[in-house]
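Biologist: Pick one part of this model and take me through it slowly, piece by piece. Then work outwards from there, so that I can follow along on screen.

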Amino acid sequence: MKTLALAVFILATVHCFAQDLQCLSPSRFYIPAYKANWFKATEHCNSLGMRLAVITTAEDNFHIIEAIKSSSIYNETRTQVWIAGSDLAQKGEFIWQPTGTWFSYTRWMPGQPDNAGGIEHCTEIRHIPALDVHWLWNDLYCADLHNFVCENAAPRRVVP
Ligand SMILES: [Ca+2]
């Protein structure tokens, strides 16, 4: 019986390494423990066969927030993460960069997007309780360094 258990463990381990993405991301989301500008964040997710997170439903939004809260980058006093929305292609028209689709569901902070200083074209989720901001979206300068959420694009992969 122990031999069987060991064999299963070895097979699972080998399979995990063969499916590198699944090793890195045992769930839908992967949240690296370093900060990057929006472009680098996009590239990093893409390099893993993933994409910067796209949010089209309240369910997506909920699951992303839960993933952030259970990750190492979560800071209960201030958490900011890039997601895949931008209006870089056409100012004022926010789209999800990986899919080219318009924003439908949104969770903008009141007064956002405001393109402050004329330089804010990338979308973040921010949680800053001291400012009474709880997991809302904001447009921000794309060159700022923040954490970010990568996701597996559909079909969603499941760890064996
Ligand atoms: Ca803004």
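Modeller: A word on names before we zoom in: helices (H or I, at least four residues) and strands (E, at least two) are DSSP runs, numbered from the N terminus. This is a predicted model, so local features need pLDDT of at least 70 and side-chain atom pairs count only at pLDDT 80 or more, while totals for chains, interfaces and linings use all residues. Residues are numbered from 1 along each chain as its sequence is written, and side-chain values use heavy atoms, with hydrogens and water left out.

My pick is the calcium site. The protein donors are Gln-112 (OE1), Asp-114 (OD), Glu-120 (OE), Asn-138 (OD1), and Asp-139 through both its O and its OD, at 2.2 to 2.4 Å from the ion. Donors here are N, O and S atoms within 2.8 Å of the metal (3.2 Å for Na, K and Ca); water is not among the atoms, so sites may look incomplete. Written along the sequence, the spacing of the donor residues reads Q-x1-D-x5-E-x17-N-D. Glu-120 belongs to strand β6 and Asn-138 to strand β7, so this pair ties together parts 18 residues apart in sequence. Glu-120 and Asn-138 are both buried, where buried means under 20% relative accessible area, exposed over 50%, and partly exposed in between (1.4 Å probe, protein chains only).

What about the geometry? The arrangement is irregular because the 6 donor atoms subtend angles of 68 to 147°. For the label itself, four donors count as tetrahedral if all angles lie between 85 and 135 degrees; four count as square planar and six as octahedral if opposite donors are over 155 degrees apart and all others between 65 and 115; anything else is irregular.

Now look at the backbone around these donors. Gln-112, one of the donor residues, is joined to Pro-113 by a cis peptide bond with omega of about 0°. Pro-113 sits in the loop between β5 (101–102) and β6 (120–128). Asn-115 is in the loop between β5 and β6 too, and its phi is positive, about 45°, although it is not a glycine. Asn-115 counts as partly exposed because its relative accessible area is 30%. Move on to the loop between β6 and β7 (133–141), and you find Asp-132 there. Asp-132 is another non-glycine residue with a positive phi, near 60°; with 58% relative accessibility, Asp-132 is exposed.

Strand β6 starts at Glu-120, and a few of its residues lead us to Gly-85. Gly-85 is in strand β3 (residues 79–86) and is buried, at 0% relative accessibility. Leaving out residues up to four places away in sequence, Gly-85 touches His-121, Cys-122 and Thr-123, with Trp-38, Phe-94, Ile-95, Trp-96 and Phe-103 also on the list; contact means heavy atoms within 4.5 Å. Gly-85 and Trp-96 are 11 residues apart in sequence, but their C-alpha atoms are 4.4 Å apart in space.

Further out, let's turn to the charged pairs. The whole structure has 5 salt bridges, each a side-chain nitrogen of Lys or Arg within 4 Å of a carboxyl oxygen of Asp or Glu. Arg-28 pairs with Asp-60 at 3.1 Å, N to O. That links the loop between α2 (20–24) and β1 (29–30), home of Arg-28, to helix α4 (residues 58–69), home of Asp-60, across 32 residues. Arg-28 also bridges to Glu-151 at 3.2 Å, N to O. Here the partner is in strand β9 (residues 150–151), 123 residues away from Arg-28. Arg-28 counts as buried because its relative accessibility is 14%, and Glu-151 is buried at 0%.

A more local bridge joins Lys-69 and Glu-66, whose closest N and O atoms are 3.7 Å apart. Lys-69 and Glu-66 both lie in helix α4, 3 residues apart, about one turn of the helix. Elsewhere, shared partners join Arg-28, Arg-51, Asp-60 and Glu-151 into one salt-bridge network.

Finally, β9 itself: it sits in an open, antiparallel sheet of 3 strands in the order β1-β9-β2, with β1 and β2 (51–52) as edge strands that pair on one side only. Strands pair if DSSP finds at least two bridges between them, and β1 and β9 are joined by 2.
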